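Q: I am new to this structure and would like a close look at a single part of it. Please keep the account plain.

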Amino acid sequence: MDVKRIFGENLRHFRKLNKISQEELSEKLQITSGHLSRIENGKSFVTAELLDALCIIFNITPATFFYTPHEFSGDDSLFTKIDKVIDEELEKLSFNLKEKIRR
């Protein structure tokens with residue numbers, strides 16, 4: 001499994017889905033369009049900060065960038081399960097943080 005290639009293909013997919021050019025996205029990310037091209041082609045990888053920014057721009061979770069085309073098609077019960085786990089964990093985290101603040 002080539003993680004950089006899968007990530008790059010998914011990044012390109014979401015960029016095109018949102019009708020954003022490489023130039024526009026690279027400007028938002030404050031990187032060169034050449035760097036973005038290398039990421040989309042699986043030749044470079046993102047930093048944690050870039051991954052975070054991409055998730056905000058596309059309003060998706062980091063894990064979404066690592067799904068293979070096979071996982072994207074057909075049954076979305078996997079996505080439903082993942083979303084449920086994420087929502088539950090966020091709810092627990094929010095509750096715990098509020099409890100700590102109230103102390």
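In which helix does leucine 90 lie, and what can be said about the surface there?

A: The model is a predicted one. Leucine 90 is found in helix α6, which covers residues 77–102. The side chain belongs to a nonpolar patch on the surface, made up of Leu90, Leu93, Leu97 and Ile101. Together these four have about 430 Å² of accessible area. Leucine 90 has a relative accessible area of 51%, and exposed means over 50%, so leucine 90 counts as exposed.

The numbering of the patch can be read against a general rule. An α-helix has 3.6 residues a turn, so residues three or four places apart point the same way.

Charged residues form a patch as well. Asp83, Asp87, Glu88 and Glu91 make up a negative patch on the surface. One of them, aspartate 83, also lies in helix α6. Its relative accessibility is 41%, and the range between under 20% and over 50% is called partly exposed, which is why aspartate 83 is given that label.

For a view beyond this helix, take glutamate 49, which is placed in helix α4, residues 48–58. Glutamate 49 is exposed, at 60% relative accessibility. The C-alpha atom of glutamate 49 is 9.5 Å from that of leucine 29, although 20 residues along the chain separate the two.

Helix α1 offers buried positions: Ile6, Phe7, Gly8, Asn10, Leu11, Phe14 and Arg15 are buried there. Just after α1 comes lysine 19, with a positive phi of about 55°.

How values were computed. Residues are numbered from 1 along each chain as its sequence is written. This is a predicted model: local features need pLDDT of at least 70, side-chain atom pairs count only at pLDDT 80 or more; totals for chains, interfaces and linings use all residues. Side-chain values use heavy atoms; hydrogens and water are left out. Patches are made of residues with over 30% relative accessible area and no salt bridge: like charges are joined within 9 Å, nonpolar side chains (Val, Leu, Ile, Met, Phe, Trp, Tyr) within 5 Å. Accessible areas come from the Shrake-Rupley method with a 1.4 Å probe; for residues, only the protein chains shown count as cover. Helices (H or I, at least four residues) and strands (E, at least two) are DSSP runs, numbered from the N terminus. Buried means under 20% relative accessible area, exposed over 50%, partly exposed in between (1.4 Å probe, protein chains only). Lys and Arg count as positive and Asp and Glu as negative; His and the chain ends are not counted. The place of a charge is taken as NZ of Lys, CZ of Arg, CG of Asp or CD of Glu.
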